[in-house]
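These are my notebook entries on a structure that I examined in stages. I began with the relation between the chains and then turned to a sheet.

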2 protein chains.
Amino acid sequence: MTAGLNHCLTGLRVLDFTRALAGPTCARMLAEMGAEVIKVEPGPKGDMSRNASTFRNRRSLFFVQHNRGKKSLCLNLRDPRAMALVVELISQVDVVVENFRPGVIASMGLSYERLKEIKPDIILCSISALGQSGPLAQKPGYDYIAQAYSGVTSMIGDKDEAPYIPLVGLGDVSTGVHGALAVLAALRHRDQTGKGQHLDVGLLDVYYNFHEVNVHQVRASEGAIRPTRVGRHMTYLMPGGVFKGTNGYVVIMSFFHHWADLCKAMERPDLSEDARYSTDPARLERRDEVVKIIEDWLQTFPDVPSAVAHMEKFDVPVAPVLSVEETLSHPHLRARGTVRTIHDPVYDGELDVPGFPIKFSEFPEELPLQAPRVGQHNAEILSTYLGRTPEEVEQLKADGVLIEKPY
Amino acid sequence: MTAGLNHCLTGLRVLDFTRALAGPTCARMLAEMGAEVIKVEPGPKGDMSRNASTFRNRRSLFFVQHNRGKKSLCLNLRDPRAMALVVELISQVDVVVENFRPGVIASMGLSYERLKEIKPDIILCSISALGQSGPLAQKPGYDYIAQAYSGVTSMIGDKDEAPYIPLVGLGDVSTGVHGALAVLAALRHRDQTGKGQHLDVGLLDVYYNFHEVNVHQVRASEGAIRPTRVGRHMTYLMPGGVFKGTNGYVVIMSFFHHWADLCKAMERPDLSEDARYSTDPARLERRDEVVKIIEDWLQTFPDVPSAVAHMEKFDVPVAPVLSVEETLSHPHLRARGTVRTIHDPVYDGELDVPGFPIKFSEFPEELPLQAPRVGQHNAEILSTYLGRTPEEVEQLKADGVLIEKPY
C-alpha cells in the first residue's frame, strides 16, 4: 500500500474512469491536494486525450497538463479478468469519478447500485455535459454545447451579430472543480454518517450558475430586460469593459467612486461633477460618448503599458489585455506561480502550465507530480492494492489484460 | 445554538466578511450544502450588493440570489464593542471567509496571525482578484481586470479586432466555488491534524487554469503557435464552433468521428470520404470552406430548432444558442432544476435563479433557504452564540452597535 503525498487530502483514494478534460480535471484537482488517484485507462490506447494537442516522443502535453499526479492502470476492459480487477479495486477506494455519456458506466456493469454492493459507502461522481437526468441527458455533449444551452454564449459578442465562444476550456475545467467540491462535501457527509452517494455534476448547470444577474432580471423586469450580448461593456455599470489603446487594448473598471479617480487621471475633474456623467446610470445613457472620451484620451499615450501605469497612479482599476504569450513572462504571474514550469521525463523537456489555483499556507510548494505513461503503474497497483504476485502480473500482461506503453 | 440544516456540511460554522460576488458565492456554496453561515455586514448599509441590480421594496435580487441561506449580523464596525463581538464569534466558528482588498482584514485587526490566537485551528479563506501576493496584489481588482491579466480576454473575438468580455460573472462565481473547495480540503486536513491554515484564492489564478492548451502550446511550439482569438471556431478541431442558421445560431461540434454523422445528416456522404475534408487537420486547412458548406445547408431549414432536431437524429453534437429568456422555460433546464423559481418574502414575489450546480442523491431537494434582511439575525446570534440576554441585545441596538433594516 503506497503512502499518499503530504497534502490536505493525503489518504484519500480515488478510482478515475475519466477522459478528455472535465473529468480529468476533477481527479487532478484531488491529486494536486494529495489524493491517491488511479486512472483506469482503456487499452490499447488509453485516454483519448493522449492524442490531443502538442507532442514530442508521442507524449501529449494536453495529457500531461491534465493528468499529473495520477497512476495509470491500463486494462483491456473487454476481458472479464480486467473487469474483475476493477471490481476488486472499487472495494478499496473512497471515490469513483467518471465522465462517460450518461448510462454508459451502468452498461459496463458499474452502476451506482452495483458499486454500492461492492463498497456500501462509495461516492460516485458522474460528470457530464448536460447532466444525468432530463430530456437532453442522452445527447452527445461537449463544452460549447452546454455553453450554448446555458445562455452564456448568447452573452458574448455584438448585438445582432453572431456570438463568440471563448477559446479556453472554461466550462470543462470549472465543472471538474465543481466535481472535486462535490466529492469533498460528500466525503464529509460520509465521515459523519457512513453513507456514500451519487453526485451528478454537469457543465450546463455550472455554466448557468455563472449568470449573476441575467436569470433573475428577465421576470423581475417584466420583460423590460432581455439579457443579450451588447459588445464590450457592462450593461449595469459604466465604464466597465474593453477600451482601445495605442497598439493594444485595456480593461478599465471605473464605475462607482472609481469614476472620480479616472477623471483625475484624465485631468478632467469637470467630468466627475457634470451631472451628465456623474453617476453610472447617467454614463450608461451616454455610453458611446463616454467610451469615445476615454479612447481618445488613451490615444495620447505611446502604448498600453504607459497608459496603464498612469492610471495606476490614480488607483483606477485597470489592466492591459495580455496575450497568452505575454502572461508567460509576466512578473506577477511568475511570482505567484499562476504560471509555472515543470519537467516531463517522456516529453524530455520543460513545459509551462497553469499553477494550482488555490494557495495553501500549510503547503507553500506545489507537489512534484508527474503524469503517468500508459499503464505505468499496472504492476504497482496489482501488487500493493490487490496482492498479486509478480508472476500473476506477468501472466496478465502476457495475456493482454494489462497494457503498457513507453509514452 | 441553532442546528444546521440537514445536508452534507451540517454542523460547519462559517463567519463571512464577504461582499459583492466572489466571496459571497464561496459562502453561499457552503450554505447551500448545509453549513451555518453568519454574514457580518458593515453598518449602516450592509453589503454593497444590497444596492445592485433589480429591486422591489428596496430588496435587491442580486443580493437575494447570492446570499440565500446566510444569517445577517449587521454591526457598526467602527465601535470597539462590535469588534469585540466579532472576536468572540471567531472563537466559535470553523472558517472565516473574506474578500477585502489584500491587507485590509489585517488592518481591521483580524490578520491570520491574530485569528490563530483567537482560535488556533481557524481556517481563513481570502478571496481576491489578483491574489494575496506578487507585485500586482495591491491593485484594485474586479472580474474583468483579472480576466485581462490571465490572457482569457485575448482569446475572445476576431483576430485583429478588439476582444469581448462575456457578460456573465464567471470569474467571480467560479472563484467562489474554488474558495469552497479550498475550505473543504483544509477542513479535511484540520480534522486529521488539528491544524488550520490561510487559503489564498484569486480570480487571476482561477482564470489562468482555464487554459487547457494555450499555456503549454507557446513554448512547446517554439513560437509557431501564438494563441489568440480567431473568431467563432476552435483552433485544433473542425468543425467546432458557432454557425449561422435561419434566424439564429447553432453550435455544432462534429469533429472526430462526429464528422461522418454530420455528413450523413447533410446527405453528403461524399464529404466524409473526400481526403480534403476527411480529417480534422484537413478541415482546419479549409476552415472557411467547411463553414460555408455547413451554413449554406443550415439555410435550407425554416429555423434553428428544425435544423437541430434533424441533426439530433444523426447523433451530431449540436445545440441552439439559447437566449437567457429562452433558457427560463426550456423543459430540460426546468426538469433538472438548472433554473428554479424561489420566493422571497421581502421582495414579496417569486424570482428565477440558477439552481445549485451539484446534484446529490442523498439530498434530492434543494434546501429552502432565504436571504436575510440587514441584521435579521442580530438577536439570535448574540443569544445563541454569545449568550447575551435580550436586555443586553436591546442596549447594543439602542447604542447603534447592532443595526437592523426591514429589507
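Which residue of chain B comes closest to the rotation axis? I looked this up and found Leu181(B), whose C-alpha lies at 2.4 Å from the axis. I note here that the model is a predicted one.

**Entry 1: the two copies.** I next looked up how chain B is placed on chain A. A turn of 180°, with a shift of 0.0 Å along the axis, lays chain B on chain A with an RMSD of 0.0 Å. The two copies are thus related as by a two-fold rotation axis. I also checked the contact residues: 100% of those of chain B recur in chain A, so the same surface serves both copies.

**Entry 2: a sheet.** I then followed an open sheet of 7 strands with mixed pairing. I recorded the order as 14(A)-8(B)-7(B)-6(B)-1(B)-2(B)-5(B). Strand 14 (358-360) of chain A and strand 5 (70-75) of chain B stand at the edges. Each has a single partner strand, so one side of each is left without a neighbour in the sheet. Ignoring direction, I noted that neighbouring strands of this sheet are turned by 20° against each other on average.

**Entry 3: one strand pair.** I looked more closely at strand 2 (residues 36-42) of chain B, which runs parallel to strand 5 of chain B and is joined to it by 6 bridges. In strand 5 of chain B, Cys74(B) stands opposite Glu41(B).

**Entry 4: a helix across the strands.** Finally, I looked up helix 7 (residues 170-193) of chain B. This helix lies across strand 14 of chain A together with strand 6 (95-98), strand 7 (123-128) and strand 8 (197-202) of chain B. Helix 7 of chain B runs at about 160° to strand 7 of chain B.

Technical notes. Residues numbered from 1 in each chain as written. Chains lettered and ligands numbered in written order. Predicted model: local features only at pLDDT ≥ 70, side-chain atom pairs only at ≥ 80, totals over all residues. Least-squares fit on C-alpha atoms with pLDDT ≥ 70 in both. Contact = placed C-beta atoms within 7 Å. Pairing = 2+ DSSP bridges. Helix = DSSP H or I, 4+ residues; strand = E, 2+ residues; numbered from the N terminus. Axes fitted to C-alpha atoms, helices over the stretch in contact; angles between N-to-C directions.
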